[in-house]
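Take a look at the sequence and the fold below. We will follow one strand and its partners, then turn to one lysine.

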Amino acid sequence: MTDKHAVADLALFGGRPLFDRPRPIGQLAKPDTERFFSLMKSAFDSRRLSNNGPLVQELEARLADYHAVRHCIAYANAGLALITLIETIADGRKGSVVIPTFTYTGLPHIVRWAGLTPVFCDVAPDTHTLTATSVADALRDDTIMMLGVHQANSPCPIDELSAMCEQFGLPLLFDAVHGLGATFRGKPIGGFGIAEVFSLHATKLLNGFEGGYITTNDDELAALMRRKRNFGYSGESSIDTLGLNGKLNEVHAASALASLDKLPVVISRNHARLDAYQQAFRGIPGISWIPYPGDEATNAEFPLLKLATDWPIPRDALVSILRAEGALARAYYAPALHLQDDSRHRSLPVAEALAQCIVQMPTGEMVNTTDIARLASLVQFVSSNAAAIRAALAAHQDAK
Ligand SMILES: Cc1ncc(COP(=O)(O)O)c(C=O)c1O
């Protein structure tokens with residue numbers, strides 16, 4: 001199936017786009033809407049719409065069970081949960097937080113909102129996570145905690161980071177937004193470090209429209225995080241800690257609950273899409289896929305296409321070509337975060353190199369295997385007509 005016959009057929013150069021409706025990168029999973037509406041009816045009927053309502057409590061219990069932890073504390077989103085958790089662990093101290101440089105752009109903002117300073121670390125070339133070696137270079141006298149980020153393609157090397165944190169007396173927490181459904185040594189992500197944080201954003205695996213939650217086995221921390229999300233109230237009118245409005249409401253809990261029923265299906269469809277990508281792109285020179293570990297449960301959340309360094313079209317140009325066609329691919333975690341930060345920074349070569357060669361391809365419920373086959377023939381066309389496309393790109397640039 002070839003949709004493009006000439007370079008002028010590419011949408012970037014005025015041709016008709018491959019997709020009339022955009023193919024996004026987010027999960028956008030649809031729960032059983034009957035179940036969602038019936039949960040919402042119960043919320044309206046009981047007039048409990050927020051403030052730790054029954055649906056939030058049911059969601060927390062089911063998620064604590066899913067992650068095999070003692071506590072799940074729902075928040076309005078993962079960002080607020082992380083800010084509040086980091087502020088709580090810092091407990092009034094000023095200093096720095098070790099974070100990876102190859103992750104979500106918002107992470108350094110989260111650290112700064114918590115009143116601390118991010119110190120960026122390099123990542124491992126295969127897993128894209130912090131390692132004991134990369135972290136060793138970033139420890140400073142004022143380091144207060146380490147924030148590991150599990151990647152979709154791999155959890156952090158939890159043993160190694162835990163041992164290091166123990167040696168230096170540092171709390172270890174995890175941003176587990178992309179670790180849902182994954183395991184480390186057979187145990188679900190969610191029960192490691194002091195606490196872990198997940199998102200319920202519509203583009204994530206578990207769709208609450210918006211939302212987030214903290215998992216922990218620490219009873220005291222759990223109780224404090226509950227008070228903090230409710231303005232810091234410890235009783236009817238007394239406030240005993242710095243709080244905010246971080247509550248998840250019943251609409252979002254209803255969507256997350258209905259979505260939780262479908263989570264295994266969502267994950268298995270992601271695997272099917274990832275397999276379809278690998279099959280369909282087989283034979284296109286210079287293309288490989290970031291692997292997911294075969295010996296652990298994984299979520300296959302992102303199909304990550306890696307271009308060889310000598311691929312004939314620059315990565316960002318390929319992304320522009322795809323996007324013009326309605327395939328909303330993205331340059332994956334580019335540029336590395338330390339290069340976007342105005343603080344003084346060291347060179348972090350692994351992340352800098354990774355940030356130049358990976359394309360996050362469309363996936364989720366809006367993408368099917370026929371779309372993937374069409375994307376493969378498009379990329380094959382780009383690869384086979386690279387010289388003409390480079391010339392057209394140069395002319396396109398000059399015309400701007
Ligand atoms: C790694 C990571 N951490 C945190 C967040 C923030 O999640 P939320 O949108 O629920 O605040 C995101 C969102 O994309 C993320 O990718």
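A residue counts as buried when its relative accessible area is under 20%. Keep that cut-off in mind. The model shown here is predicted.

**A covered strand**

Start with strand β2, residues 96–100. Of its 5 residues, 5 are buried. Both faces of β2 are covered. On one side sit S96, V98 and P100. On the other side are V97 and I99.

**Its partners**

β2 pairs with two strands, β3 and β4. The table lists each pairing.

| Partner of β2 | Residues | Sense | Bridges | Bridge partner of V98 |
|---|---|---|---|---|
| β3 | 117–121 | parallel | 5 bridges | V119 |
| β4 | 143–149 | parallel | 3 bridges | M146 |

V98 thus has a bridge partner in β3, V119, and another in β4, M146.

How does the chain get from β2 to β3, and what is the hand of this β-α-β crossover? The chain passes through helix α4, residues 107–113. The crossover is right-handed.

**A lysine in a loop**

Now move to K204. This residue lies in the loop between β8 (195–199) and β9 (212–216). An unreviewed UniProt entry places the feature "modified residue: N6-(pyridoxal phosphate)lysine" at K204.

Is K204 buried or exposed? Its relative accessible area is 17%. The cut-off for buried is under 20%, so K204 is buried.

Which residues does K204 touch, leaving aside its neighbours within four places in sequence? K204 is in contact with Q27, V177, H178, S199 and E301.

Conventions: Residues are numbered from 1 along each chain as its sequence is written. This is a predicted model: local features need pLDDT of at least 70, side-chain atom pairs count only at pLDDT 80 or more; totals for chains, interfaces and linings use all residues. Side-chain values use heavy atoms; hydrogens and water are left out. Buried means under 20% relative accessible area, exposed over 50%, partly exposed in between (1.4 Å probe, protein chains only). Helices (H or I, at least four residues) and strands (E, at least two) are DSSP runs, numbered from the N terminus. Two strands pair if DSSP finds at least two bridges between them. A crossover is right-handed if, with the strands pointing away from the viewer, the path from the first strand over the helix to the second runs clockwise. UniProt positions are given in the numbering used here, feature names are shortened, and annotations may be inferred rather than shown by experiment. Contact means heavy atoms within 4.5 Å.
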